[in-house]
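Trainee: I would like to learn how to read a few features in a model. Could you take me through them one at a time?

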Amino acid sequence: MALAGSVVELQSSSSIKKKTAVSRSWILLDHDGRGTILDVDKYAIMRLVEIHARDLRILDPLLSYPSTILGREKVIVLNLEHIKAIITADEVLLRDPMDDDVVPIVEELRRRLPRETAAGQGQLGEEEACAQDEFPFELRALEVVLEAICSFLDARTRELETATYPALDELTSKISSRNLDRVRKLKSAMTRLTNRVQKIRDELENLLDDDGDMADLYLSRKLTVSSSPASSYNAPNCLYSSPNLGSKIQRSSKASATTVQGENDVEELEMLLEAYFTQIDGTLNKLTTLREYIDDTEDYINIQLDNHRNQLIQLELFLSSGTVCLSIYSLVAAIFGMNIPYTWREGHGYIFKWVVIFSGIACASLFLSIISYARRKGLVGS
């Protein structure tokens with residue numbers, strides 16, 4: 001599909017529609033890794049790659065769509081986190097190429113999309129070179145994108161681990177509002193990252209479970225099957241004077257042979273997806289382990305807080321018991337302090353002294369009895 005030649009025409013047509021649609025920045029990378037920056041609206045993109053509006057809407061950053069890998073008749077639509085791309089049989093369209101997270105992906109696509117020529121392959125034999133060139137363009141582009149998103153999420157997970165484990169250890173040693181707030185923010189970040197990783201994992205798992213969906217990602221095969229494969233049998237080997245012609249003939253030959261064996265032969269793609277599914281599953285396991293560590297720390301903190309509450313309850317019990325006993329003692333003193341004439345006061349002043357002594361002994365005994373009863377019942381620690 002010769003898309004680069006129509007860039008000028010599409011740019012001129014898109015300038016007319018700028019009043020009604022918001023322009024977005026895209027980069028178009030061909031099979032040689034050459035990039036062209038496009039500032040076009042969605043209608044121009046639809047004309048470039050013959051994509052439906054509902055599929056292009058998935059790539060709109062203003063809309064919230066889940067992670068998606070869709071195989072259509074002529075394109076693969078990718079919406080994976082910050083990577084929003086459209087892959088054809090010989091070109092890649094990537095949204096927002098100037099974004100800091102997208103720039104490394106663009107550089108990696110430029111490096112890995114071009115096929116290695118026979119001169120650049122050095123000591124590789126003809127059979128090995130053919131095997132390497134047989135890998136379709138769209139799958140090589142898909143591999144770069146999957147590798148980038150898996151590495152990106154794994155890096156975010158390692159950064160989160162580096163920040164979380166010391167924060168949890170500090171919270172364990174000292175429970176404070178500052179440490180609790182720090183752990184709360186880290187836990188929220190971990191929950192959001194877990195959801196993002198889970199979405200990518202679920203999409204890869206759903207893709208692996210459906211051979212038909214994987215077969216839809218073989219764009220070169222579908223193009224070759226729809227065209228005449230007769231010319232593919234005239235090629236003696238894979239070293240052609242024209243690399244582009246040679247790669248097309250190779251894809252045609254491979255697709256023809258695959259058609260005989262079955263159009264749903266997706267072994268290559270299945271192995272590719274399984275590799276990155278294993279990687280993203282490992283990242284999810286790291287986050288699961290981190291969540292378990294956070295939960296264990298929270299349980300430990302709750303145990304500590306419960307212990308502190310129990311100690312406060314014990315202290316409250318001691319104070320309440322002492323208050324009751326002192327109230328009784330104060331009652332006796334208050335009775336003797338009332339301004340009421342007593343006949344026994346005259347010549348019997350020693351009686352007040354013994355009443356005070358016996359009242360104090362009785363109150364102390366009552367206090368000890370209450371504490372002893374509480375200990376026997378397990379209400380306070382021994």
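Mentor: We will go through strand pairs, burial, a surface patch and cysteines. Keep in mind that this is a predicted model.

Trainee: Start with pairing. How many bridges join strand E3 to strand E4?

Mentor: Count bridges, then check direction. Strand E3 covers residues 68–71 and strand E4 covers residues 76–80. Four bridges join them, and the two strands run antiparallel. Now look at the link: E3 and E4 make a hairpin, with four residues between them.

Trainee: Which residue stands opposite leucine 70?

Mentor: Valine 77, in E4.

Trainee: What about strand E5 and E6: in which sense do they pair?

Mentor: Antiparallel, over three bridges. Strand E5 spans residues 83–87, and strand E6 spans residues 91–95. Three residues lie between E5 and E6 in this hairpin. For a point of register, take isoleucine 87, which stands opposite valine 92 in E6.

Trainee: Why is E6 described as largely enclosed by the rest of the structure?

Mentor: Go residue by residue. Buried means under 20% relative accessible area. In strand E6, five of the five residues are buried, so the strand is largely enclosed by the rest of the structure. Then compare faces. Glu91, Leu93 and Arg95 are buried on one side. Val92 and Leu94 are buried on the other, so both faces of E6 are covered.

Trainee: Now the surface. Which residues form a nonpolar patch there?

Mentor: Trp354, Ile357, Phe358 and Ile361. Together they have about 420 Å² of accessible area. Phenylalanine 358 lies in helix H12, residues 350–376.

Trainee: Is phenylalanine 358 buried or exposed?

Mentor: Exposed counts as over 50% relative accessible area. Phenylalanine 358 has 54% relative accessibility, so this residue counts as exposed.

Trainee: Last, cysteines. How many disulfides does the structure hold?

Mentor: Zero. Cysteine 325 is in no disulfide, and its nearest cysteine sulfur belongs to cysteine 363.

Trainee: Why is there no bond between cysteine 363 and cysteine 325?

Mentor: First, the general idea. A disulfide is a covalent bond between the sulfur atoms of two cysteines. The cut-off here is 2.5 Å between the sulfur atoms. The sulfur of cysteine 363 is 5.9 Å from that of cysteine 325, which is too far for a bond.

Trainee: And are these two cysteines buried or exposed?

Mentor: Cysteine 325 is buried, with a relative accessible area of 4%. Cysteine 363 also counts as buried, at 7% relative accessibility.

How values were computed
Residues are numbered from 1 along each chain as its sequence is written. This is a predicted model: local features need pLDDT of at least 70, side-chain atom pairs count only at pLDDT 80 or more; totals for chains, interfaces and linings use all residues. Side-chain values use heavy atoms; hydrogens and water are left out. Two strands pair if DSSP finds at least two bridges between them. Patches are made of residues with over 30% relative accessible area and no salt bridge: like charges are joined within 9 Å, nonpolar side chains (Val, Leu, Ile, Met, Phe, Trp, Tyr) within 5 Å. Accessible areas come from the Shrake-Rupley method with a 1.4 Å probe; for residues, only the protein chains shown count as cover. A salt bridge is a side-chain nitrogen of Lys or Arg within 4 Å of a carboxyl oxygen of Asp or Glu. Buried means under 20% relative accessible area, exposed over 50%, partly exposed in between (1.4 Å probe, protein chains only).
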